[in-house]
2 protein chains.
Amino acid sequence: MRVVVPFDATSPKSRLGSLLDATERDAFARAMLDDVCSAVETAGGDPVVLASAPIDNDRPVVVDDQPLTDAVNAALDRAFTAGERLSPGGAGEPVDELAVVMADLALATPAALERLFDADGEVVLVPGLGGGTNAFVSRTPDFRVDYHDGSIRDHRANAAAVTDSVTELDSFRLSTDVDDPADVVEVLLHGEGRAATWLREAGFTVTASGGRVEAQRVKQP
Amino acid sequence: MRVVVPFDATSPKSRLGSLLDATERDAFARAMLDDVCSAVETAGGDPVVLASAPIDNDRPVVVDDQPLTDAVNAALDRAFTAGERLSPGGAGEPVDELAVVMADLALATPAALERLFDADGEVVLVPGLGGGTNAFVSRTPDFRVDYHDGSIRDHRANAAAVTDSVTELDSFRLSTDVDDPADVVEVLLHGEGRAATWLREAGFTVTASGGRVEAQRVKQP
């Protein structure tokens, strides 16, 4: 399955500003992107990075500086339309299904992504913590996105407007996006890739303070 | 499958004190407990509430005022040991598998619990947000729990010490426990039972403030 991985190449992970400086946020975001793309490949998917600015990456990169919603909807248009190109340099074949998986799903595993790719439904939605939409599969050319606060509710409605076959995938690993400082500890607890290694090498460890554990930076590299 | 549902009947959901007063926390916690027990039953499970103090409930209730870890380990002992009683009034048969599912999993659905009950593994762990352990199935009499901050890591080690067959279930609905104020919005977004209804009737709604959505109380009942 072709898998679009949107990536903010301009100011990634700005909500982690209390934990990481801009250079670190960029490096951490790229580690997560690489983890997601690797997991997609191992799950049998064909990742294309949809970046807001040019980036160096081993995978195909499509640059689109439009806001996320417009960029993803344009990618959906291209993918489902004959003769348009999804990736640079080649006239891609139109697809009959497409996945979009966010680049900050640092807990994503091949097994979780296989479940997504194999899930029944014309539209398969994966909610994110706090009402976002972390991933989806569309098997209809008519589904369009609208990313904003609480987008999962609108995406449920958008999907229901174009098909009777809307499902949701129940996956902690795909519903946990790494946006807020409290999310970082999930990478330390459950991550298995470059992002978890990056955090450990940057001095983060798991600390308990009564209640849920947190990620705390105990040393600078 | 027999399913132990531990419930803090003494001061439930104290970390929601900024949102709900003590009477409300008690009512909300009981709504979640009922949702969990109903979902367990629909999934084919046989729930037993393990309460820290006597409560009125339609299901069998075992009262144990020990700390959670000791109470659950005692329940494991009773369940796997012939001649001991799991529920009051009857000499229960010893089991060869037992599930423990926390009472604050307000997003739990029968489908998610069926996946848990059917999952392969001598010990099947379900992590909670922030390093907790929201549920597990044990098919060995030797696994014991130690609930505390970040317990999932110790439970992985405890399980690995008694069996080579340790798995984890990947479920957003079971990994989302309702402990902190930020969790309440997940019930409004995804809950389908009494707890979601209770919140709406108590005046809670979903609000956006840039980033993840939140639950805000817009009126008092």
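Here is a short chat about a predicted model with chains A and B.

Trainee: What radius of gyration does chain A have, and what would a compact globule give?
Mentor: Start with the length: chain A has 221 residues. A compact globule with that many would come out near 17 Å, so the value for chain A agrees with the rule. Along the principal axes, the C-alpha trace spans about 55 × 35 × 30 Å. The radius of gyration of chain A is 17 Å.

Trainee: How many helices and strands does chain A have?
Mentor: Among contacts in chain A between residues at least 6 apart in sequence, 58% join residues at least 24 apart. As for the elements themselves, the secondary structure comes to seven helices and nine strands.

Trainee: How many positive and how many negative side chains are there in chain A?
Mentor: The centres of the two charge sets lie 4 Å apart. The accessible surface comes to about 8,800 Å², with 46% of that belonging to carbon and sulfur atoms. The counts for chain A are 19 positive and 38 negative.

Trainee: What kind of axis relates chain B to chain A?
Mentor: In general, two copies of a chain are related by a rotation about an axis and a shift along it. Here a turn of 180° and a shift of 0.0 Å along the axis lay chain B on chain A with an RMSD of 0.0 Å. That is the relation of a two-fold axis.

Trainee: Do the copies meet through the same surface or through different ones, and what percentage of interface residues says which?
Mentor: Take the interface residues of chain B and look for them in the interface of chain A. The copies meet through the same surface, because the share that turns up in both is 100%.

Trainee: Is Leu125(A) buried or exposed?
Mentor: Leu125(A) sits in strand 5 (residues 123-127) of chain A. Beyond its neighbours within four places in sequence, its contacts include Phe136(A), Phe143(A), Ile152(A) and Val166(A). Buried means under 20% relative accessible area. Leu125(A) has 0%, so Leu125(A) is buried.

Trainee: What is odd about phi at Lys13(A), and what is its value?
Mentor: Most residues other than glycine have a negative phi. Lys13(A) isn't a glycine, yet its phi is positive. This residue lies in the loop between strand 1 (2-7) and helix 1 (22-42), and counts as buried at 14% relative accessibility. Its phi is about 60°.

Trainee: And what is the value of phi at Lys13(B)?
Mentor: Lys13(B) is in the loop between strand 1 (2-7) and helix 1 (22-42) of chain B. Its phi is positive too, at about 55°.

Key: Residues numbered from 1 in each chain as written. Chains lettered and ligands numbered in written order. Predicted model: local features only at pLDDT ≥ 70, side-chain atom pairs only at ≥ 80, totals over all residues. Heavy atoms only, no water. Helix = DSSP H or I, 4+ residues; strand = E, 2+ residues; numbered from the N terminus. Rg over C-alpha atoms; globule rule 2.2 N^0.38 Å. Contact = heavy atoms within 4.5 Å. Areas by Shrake-Rupley, 256 points an atom, 1.4 Å probe, with all protein chains shown as cover. Lys, Arg positive; Asp, Glu negative; His and termini not counted. Charge placed at Lys NZ, Arg CZ, Asp CG, Glu CD. Least-squares fit on C-alpha atoms with pLDDT ≥ 70 in both. Buried < 20%, exposed > 50% of the residue type's maximum accessible area, 1.4 Å probe, protein only.
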